Structures are given as C-alpha cells and as structure tokens.
Amino acid sequence: MSKIIGIDLGTTNSAIAVMEGGKAKIIPTSEGRNTFPSIVEPIKNLVGDVAKRQMVLNSENTIFSVKRLMGQKFSGKQAQKTKEISPYDIEAGKDGLAIIKIGDKTYTPQEISAKILQKAKADAEAYLGQAVTDAVITVPAYFDDSQRQATKQAGEIAGLNVQRIVNEPTAAALAYGLDKGKNETVVVYDLGGGTFDVSILELGDGVFEVKSTNGDTFLGGDDFDHKIIEYIVSEFKKENGVDLSLDKQALQRIKDAAEKAKIELSSTTETEINQPFITQRDGQPLHLTMKIGRAKLEELVDDLIQKTIEPMKKALADAKIEKSQIAEVILVGGMTRMPKVQQVVKDFFGKEPNKSVNPDEAVALGAAIQGGVISGDVKDVLLLDVTPLTLGIETMGQVMTPLIERNTTVPSSKSQVFSTASDNQPQVEIHILQGERPMAADNKTLGSFILDGIPAAPRGIPQIEVTFDIDANGILNVSAKDKATGKEQKITIKNATNLSDEEVERMKQEAEKYAEDDKKKKELVDKKNEADTLIIQTRKVLKDSGDKFDAGAKEEIEKSLNELEEEIKKTDTTTEAVDTKLKAATELVQKHAEALYKAAGEKDKPTEEPKAEEPKADTEKAEEGEVVE
Amino acid sequence: MVKKIQSSKKEIENLNFQVNELEGNYRRALADYRNQERRFKETQSQIVKFANATLLEKIILNLDSLEMAQNHLKDAGLEIVIKQFLETLKNEGLQLIESDGKQFDPLTMDCIEVVPGKKNHVVSTLIKGYYLFDKILRPAKVKVGSGK
C-alpha cells in the first residue's frame with residue numbers, strides 16, 4: 001500500500017504531512033516552505049505563493065478562502081458575507097449552491113479546492129519519490145454533511161482516494177498524542193490566519209467525540225497585522241504629517257515590517273521598526289523608525305483577543321462542561337504563538353495550555369497520523385521508545401554526570417572514561433542516577449555497585465570505562481571496567497524507561513523549579529573541585545620540589561592553601577568565597593613558581609621554552625578529567 | 001491425535017502470519033530508512049549550497065537601505081561601497097531578478113500595485129528581487145501596467 005498523506009486544507013494556508021519511520025513529518029512544498037497559501041488562479045493554474053503574488057494584478061480571477069464556500073448555499077449568510085469581501089464573482093449554481101464565476105467559466109468550490117489538493121499531491125510525490133493516491137483531509141468540526149461531502153469530492157477531483165475526512169481539532173489532538181487510551185476532556189483553541197475555532201473533545205478508548213464547537217470564521221492573524229499597520233501609519237502621520245497609507249510602496253514595506261514585528265514580539269519584549277527613506281516631504285527624505293513594545297502590541301489587538309472569549313464560553317455551555325473537568329488545553333494556529341493569546345486562554349481555563357507541537361503543523365501532522373493508522377503504519381511499525389529522563393552516574397562532589405541524555409531514542413549505548421578522586425583509591429562506587437537535576441542527591445537512584453581491585457595509583461591515573469546500554473525493552477545494563485586490569489563489574493536495571501507519565505512530569509517540573517538553586521549548587525561544587533585539585537597539585541609540587549622554594553614562600557603558599565581548604569570544608573561557604581580564596585592561592589603559586597623558574601633560568605640559562613606556566617597548565621589538565629568518587 | 005495435529009496446524013498458521021507481519025514491518029522500516037538516506041544525501045548538498053539563505057535574506061534588507069540612501073544622496077563614494085557589497089553577495093550566489101520593463105511573471109515577481117502602463121508589464125520595481133543560485137531568495141515587488 002502506498003503512503004497515505006495527511007492534508008490540512010485550511011482557509012488561508014494549507015499543509016501536508018506523512019508518516020515516516022513511525023513519526024508524522026511535514027512535507028515541505030516545492031517552494032521549500034512548511035505551509036502554502038490556499039490561493040488559486042484557475043485559468044493559468046497557479047496555486048500557493050505564485051497565485052498570491054499575482055493576486056493584486058489579477059484580483060477578479062484569483063480565489064482565496066474558498067473553504068468558506070464549500071457546500072454552502074448561495075443564499076446563505078456565509079456565502080453572502082464571503083461575496084461581500086471577495087473581488088471574485090460568486091453566483092448560485094446547481095441546487096442553489098454557491099459557485100465562482102471567472103470570465104465566462106464557472107467553478108465549483110470543490111474544483112478550486114481540488115487545485116490546492118493537486119499541489120499537495122504533487123509536492124508529496126516529489127518529496128516521497130513515489131506516487132501518492134490516498135489522503136486524509138481535515139475539515140472544521142462544524143462542517144455539516146454536505147460540506148464534508150464537498151471536501152471529499154474535491155479530493156476525488158484531485159485524483160486522491162480520500163480515506164477519511166477528519167475533524168481539525170481531532171487531528172490536532174492526535175498530533176499532541178492525546179489518544180493514548182485515557183478518558184478525558186480536552187479543549188482545542190485554534191487561531192489561524194483567517195478563522196478562529198474552539199472545540200471541546202471527549203476522548204475515550206481511542207475514540208474522539210466532538211462535544212461542542214464554536215468560533216468566528218472572520219477572525220485571524222491577518223486582522224492582527226492590520227491593527228499594527230494602522231498604528232504605524234497613524235504614528236507616522238502624527239509625527240511627520242504624511243499619510244503613508246496613500247503610498248502603496250510605503251504601505252508594502254510597512255506591511256512586511258508589521259508582520260515581522262508581530263512575530264518578533266512573541267519572543268522579545270521590544271522590537272524596532274527601521275524603514276529608512278520611506279517617503280519624502282518637501283524633497284527631504286523621511287525615515288520610519290519606531291519602537292514597539294509587547295505591551296503596546298497587546299493593547300492594539302486586545303479587542304481581537306477578547307473576541308475569542310465569548311466562543312469559549314459558548315462552547316463550554318454547549319458541551320455542558322465545567323472548566324474544572326478539562327484535562328488539557330491545546331493550541332493550534334500560528335497566532336497562538338503570541339504570549340498574550342496564551343495568557344488569555346490560560347486565564348480562562350485556569351490551566352497552562354499545552355503548546356508542545358508546532359501550531360502551524362499540528363493539524364496536518366494529526367491527519368498524517370490518522371493516515372498511518374489506516375494504512376497500518378502506526379500500529380505496525382515498531383514504535384521506538386525514548387528515555388524520558390537523563391541517566392548518569394554520581395561523580396566527585398556529589399555531582400550527577402549524564403551519560404544518556406533525556407529523549408534519546410533507544411536502543412542506545414554510551415561509554416565514558418572516568419578516574420579516581422584520591423591517591424591509591426582501591427575501589428570506585430558506580431551510583432546510577434535518573435533525573436534532570438545536577439546534584440546527585442536530587443535524582444532518583446536506580447542502583448549502585450562497586451568495582452574494586454584497582455591497582456594503587458595517583459588520583460586521575462586509573463582509567464575506568466563506564467558503559468550504559470539500554471535495549472529496546474528499556475532494560476539498562478551498566479558496566480564499569482578497569483582498563484589496566486580488565487576487571488569488570490555490571491548491573492542490570494529493568495524498566496529504566498518505564499516511568500509513569502506523572503512521575504516523569506513531576507521530575508521535569510522539579511528540575512525546572514529548582515533550576516536556579518541547582519545551578520548555584522553545581523557552581524559551588526565545581527568551584528570546590530577546582531580548589532581541591534589546586535590544593536592537591538600544589539602540595540604535591542611542594543613535597544616533591546619544596547626545597548627549591550625559599551622557606552618564606554613555602555610557608556606563604558601553605559597558609560593560603562590551608563585557608564582555601566578550610567573554606568571549602570565550611571558548610572555555609574559560597575561560590576564567591578571559595579573563588580576569592582582560590583584566586584588568591586592560584587596567584588600566589590604562580591608568582592612563586594615564576595620566581596623559581598626565573599632564578600633557575602638565571603643560573604642555568606636554559607634554551608628550551610620557559611616553563612613558568614606549568615603549574616597552571618597542570619591545574620587545567622586536572623580539571624578536564626572527570627573523577628569517580 | 002487429530003486434535004493435536006489441528007492445534008499444531010493452527011499454531012503454524014499463527015506463526016506464519018506473525019512472520020509475514022514482522023517481515024512486512026521490517027521491510028517498511030527498511031524502506032523508510034532507505035528513503036530517508038536518499039533524501040538526506042539530496043538535502044545535504046542543498047544545505048551546503050543554501051546555508052547562507054537566511055543570512056542573505058536579512059543582508060539584502062540592508063542592501064535595500066543603502067540603495068535607497070544612494071537614490072537620495074547620489075554620492076560617488078557610496079556608489080562604490082554598494083558596488084563592492086553587491087560584488088561580495090554575487091560571489092555567494094546572489095543574482096538580481098531582472099524585472100523593469102519585463103512581462104510580469106508570478107514565479108519571480110510579486111505584484112504590489114496596478115498602475116497605468118503597458119499591460120502585464122512591469123512599470124517599476126519597488127523592491128528588487130534576487131535569486132540565490134537557481135532558487136528565488138526574494139521575489140521582486142513590482143508595479144504592473146494595467147494597459148490603460
């Protein structure tokens with residue numbers, strides 16, 4: 001069976017996806033983008049970006065938002081409203097259904113949608129390198145039977161067997177992986193380029209039921225852009241007395257800048273619009289430079305965002321559901337990237353919305369998953385697990401050193417060489433940990449074992465290779481091998497990946513919550529380890545070649561090392577305190593070492609490179625190697 | 001005895017079914033992998049070639065500004081600076097989309113306004129378009145003649 005593609009046939013933009021290697025993946029268009037405008041010029045057969053670019057020139061022949069006409073009666077409210085705002089002609093056709101008239105030809109909305117689907121098919125075939133005959137297409141949850149039938153026909157005209165028509169919110173829920181056998185109620189908030197939909201779904205045993213749906217078919221990202229453009233034009237007029245809205249060239253530049261500003265303000269709190277030489281006044285050039293803060297943007301579009309609240313209320317009332325019964329709120333549509341939109345949704349439902357899937361792609365991805373279920377792809381392909389949390393071992397200073405990072409696809413294996421923390425250390429303890437926190441004690445212990453019989457050697461010399469290996473069933477094998485003697489110890493831990501969702505969630509949240517504290521703790525430990533290394537190294541030098549230092553210097557260094565040692569032993573010490581003493585000690589050591597070499601140099605006049613840097617270089621080397629406790 | 005044979009037969013059937021299913025899965029996974037590998041090779045050469053695209057897209061905005069400044073200032077020095085700048089970008093694969101006076105082509109141009117002039121021909125270019133190698137980095141934004 002060939003691949004079944006999933007198509008999000010949107011009002012303003014469409015997207016295509018397919019299952020590959022057991023995962024849904026967006027198919028890039030021939031233009032190299034993840035979505036394309038649902039715009040069609042049927043005479044020259046232009047679809048997508050190309051059709052959009054000639055829209056101004058050829059407005060009466062360029063059809064956009066055709067989805068609003070699918071299966072609609074010409075006399076109906078929706079068709080009439082669409083006619084009002086569309087430069088192309090809409091008439092009554094067979095059975096009073098709305099059709100589009102271009103020149104002396106008429107097109108049904110199905111035929112126009114088919115052109116969009118044809119592009120989707122062609123792009124998918126180019127990407128997959130094989131013929132595509134089957135598709136799953138999504139429709140809004142409120143589409144009635146005739147609208148669904150029309151969508152199916154569109155697919156057939158495009159040469160696709162429509163395996164299923166799926167509700168957009170259902171597809172989104174699938175993309176968010178909400179079909180895993182739980183019985184719960186979820187809300188899908190979909191604010192796209194031109195339409196807003198909110199749906200309440202009930203999931204149970206892999207079946208999705210749309211309990212209610214509401215929205216506004218004329219509200220979307222384009223309205224947000226207009227508000228920003230209006231604001232920029234009015235501000236410029238206030239400042240310079242020139243109305244840029246009359247200048248198409250200037251307006252085009254503002255339009256591009258406004259969209260960019262809107263996108264930027266989702267991740268930054270302030271953006272600057274810089275359009276030099278935007279226009280002229282009395283032969284003098286005028287420049288548009290303006291700062292827009294996120295707060296200003298939110299103020300400008302507040303009424304648009306508020307418009308989404310009433311539909312949410314209605315949807316809840318229609319579904320006869322309390323806010324407290326909702327298990328999950330998921331976000332779909334590019335506009336939901338805006339922090340203010342997320343805030344309003346959060347405030348309304350009293351719940352942090354889930355935004356883990358790219359909102360522009362969720363519906364197409366879900367359609368592809370549905371296609372995968374039909375073709376057997378999803379059920380059959382071995383779904384490879386990932387490790388939900390990081391796995392590692394405890395190293396010097398009670399630090400957790402990760403070996404297998406979280407979200408690694410298993411089976412997987414990783415080795416790393418460690419060493420000892422003190423001289424003549426006969427054994428090492430391998431303490432296996434799971435979790436995201438940098439300090440060992442804050443993570444979950446999975447097991448531990450001891451590798452002994454390590455031959456006496458200075459710290460840092462023995463090489464102990466620790467290997468983590470997780471098989472496809474989530475069984476973790478940890479082994480430690482002394483490379484010198486070949487002696488090995490190992491442990492097997494079952495269910496290393498098999499944590500309950502709650503447990504994983506709790507551990508991730510804790511890691512986030514304590515991130516700041518943990519960072520400080522880790523810094524302190526790192527600093528202490530650095531100090532410890534310096535103390536040991538320097539004492540060794542003093543012991544081996546202390547006679548080369550004069551007694552005063554030796555005493556001075558000893559004193560500073562003792563102070564440093566005392567500092568790191570204190571229970572209430574801080575990173576700063578250790579750092580100050582460490583710096584002092586390091587400087588002192590360097591100073592005396594330099595003097596030492598200088599003196600030696602004057603005596604022997606060596607020809608080789610100066611070695612004054614050596615003690616420092618040594619310290620650095622020691623820091624690099626990680627050490628097992 | 002018959003019962004025993006029957007149950008063995010059934011088991012063989014089951015096992016055969018399982019073997020077929022597993023083999024199917026294996027082939028599917030292998031096919032996905034091969035396709036992925038092929039695509040990876042294809043995209044890899046593309047990535048190397050078009051790695052600069054995002055950066056160039058931003059840089060041509062600065063080029064636009066420089067050219068606008070030059071339109072106003074008409075400074076000989078600045079002219080050289082722009083020329084140098086263009087030369088550098090050209091070496092990276094950037095190429096101007098010729099638009100002025102040409103027939104409108106939505107593949108390479110974006111019509112912003114329709115004005116009196118030769119029908120379907122570009123009357124003036126508002127924002128220059130560029131190719132990056134054989135791909136369109138930015139379509140030219142143009143005014144097109146209405147034929148009146």
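This passage describes sheets, helix packing and a chain contact in a predicted model.

In chain A, four strands form an open sheet in the order β15-β14-β13-β18, and the pairing within this sheet is mixed. Its edges are occupied by β15 (207-216) and β18 (326-332) of chain A, each of which pairs on one side only. Neighbouring strands of the sheet are turned against each other by 20 degrees on average when direction is ignored. Within the sheet, strand β13 (residues 184-191) and strand β14 (residues 196-204) of chain A are joined in the antiparallel sense over eight bridges, and Y189(A) is found opposite V198(A) in β14(A).

Two helices of chain A lie across strands of this sheet. Helix α9 (residues 309-319) of chain A lies across β14 and β15 of chain A, and its direction makes an angle of about 140 degrees with β15(A). Helix α10 (residues 339-349) of chain A lies across β13 and β18 of chain A, running at about 165 degrees to β18(A).

A further open sheet of four strands in chain A has the order β20-β19-β22-β23, with antiparallel pairing. At its edges stand β20 (399-404) and β23 (444-451) of chain A, each of which has a single partner strand, so that one side of each is left without a neighbour in the sheet. From one strand to the next, the twist averages 30 degrees. Strand β19 (residues 391-395) of chain A runs antiparallel to β20(A) and is joined to it by five bridges; the bridge partner of G392(A) in β20(A) is P402(A).

Helix packing in chain A can be described pair by pair. Helix α5 (residues 168-175) and helix α11 (residues 362-375) of chain A pack at an angle of about 80 degrees, with their axes 7 Å apart. With this geometry, α5(A) and α11(A) are roughly perpendicular to each other. On the side of α5(A), the contact is made by E168(A), A171(A), A172(A), A173(A), L174(A) and A175(A), while α11(A) contributes A362(A), V363(A), L365(A), G366(A), A367(A), I369(A) and Q370(A). By class, the residues of this contact of α5(A) with α11(A) divide into ten nonpolar, two polar and one charged.

For helix α6 (residues 221-240) and helix α8 (residues 294-306) of chain A, the axes come within 10 Å and cross at roughly 135 degrees, and the two helices α6(A) and α8(A) are therefore oblique to each other. The crossing in which α6(A) passes α8(A) is right-handed. In this contact, D223(A), F224(A), K227(A), I228(A) and Y231(A) of α6(A) meet L297(A), L300(A), V301(A) and L304(A) of α8(A), giving a composition of seven nonpolar, no polar and two charged residues.

Helix α14 (residues 515-545) and helix α15 (residues 551-569) of chain A pack at an angle of about 150 degrees, with their axes 10 Å apart. This angle makes α14(A) roughly antiparallel to α15(A), and α14(A) passes α15(A) in a left-handed crossing. The residues in contact are K528(A), A531(A), D532(A), I535(A), T538(A), R539(A) and L542(A) of α14(A), together with K554(A), I557(A), L561(A), L564(A), E565(A) and I568(A) of α15(A). The contact of α14(A) with α15(A) has seven nonpolar, one polar and five charged residues by class.

According to an unreviewed UniProt entry, residues 554-581 of chain A carry the annotation "coiled-coil region". In the model, the chain over residues 554-581 of chain A is 82% helix and 0% strand, and its end C-alpha atoms are 17 Å apart.

Between the chains, 18 residues of chain A are in contact with 24 residues of chain B. On the side of chain A that touches chain B, the elements giving two or more residues are α1 (49-53), α7 (248-264) and β16 (270-281) of chain A, and the largest share, three residues, comes from α7(A). This side of chain A has nine nonpolar, five polar and four charged residues by class.

In chain B, strand β4 (residues 129-132) and strand β5 (residues 135-138) run antiparallel and are joined by three bridges, with Y131(B) standing opposite I136(B) in β5(B). The hairpin of β4(B) and β5(B) has two residues between the strands, and F133(B) in this hairpin takes a positive phi near 55 degrees.

Notes:
Residues are numbered from 1 along each chain as its sequence is written. Chains are lettered from A and ligands numbered from 1 in the order in which they are written. This is a predicted model: local features need pLDDT of at least 70, side-chain atom pairs count only at pLDDT 80 or more; totals for chains, interfaces and linings use all residues. Two strands pair if DSSP finds at least two bridges between them. Axes are lines fitted to C-alpha atoms, for helices over the stretch in contact, and angles run from 0 to 180 degrees between N-to-C directions. Two residues are in contact if their C-beta atoms, placed from the backbone, lie within 7 Å. Angles under 35 degrees count as roughly parallel, over 145 as roughly antiparallel, 65 to 115 as roughly perpendicular and the rest as oblique. A crossing is left-handed if the near helix is turned anticlockwise from the far one by less than a right angle, and right-handed if clockwise. Ala, Val, Leu, Ile, Met, Phe, Trp, Tyr, Cys and Pro count as nonpolar, Asp, Glu, Lys and Arg as charged, and the others, Gly among them, as polar. UniProt positions are given in the numbering used here, feature names are shortened, and annotations may be inferred rather than shown by experiment.
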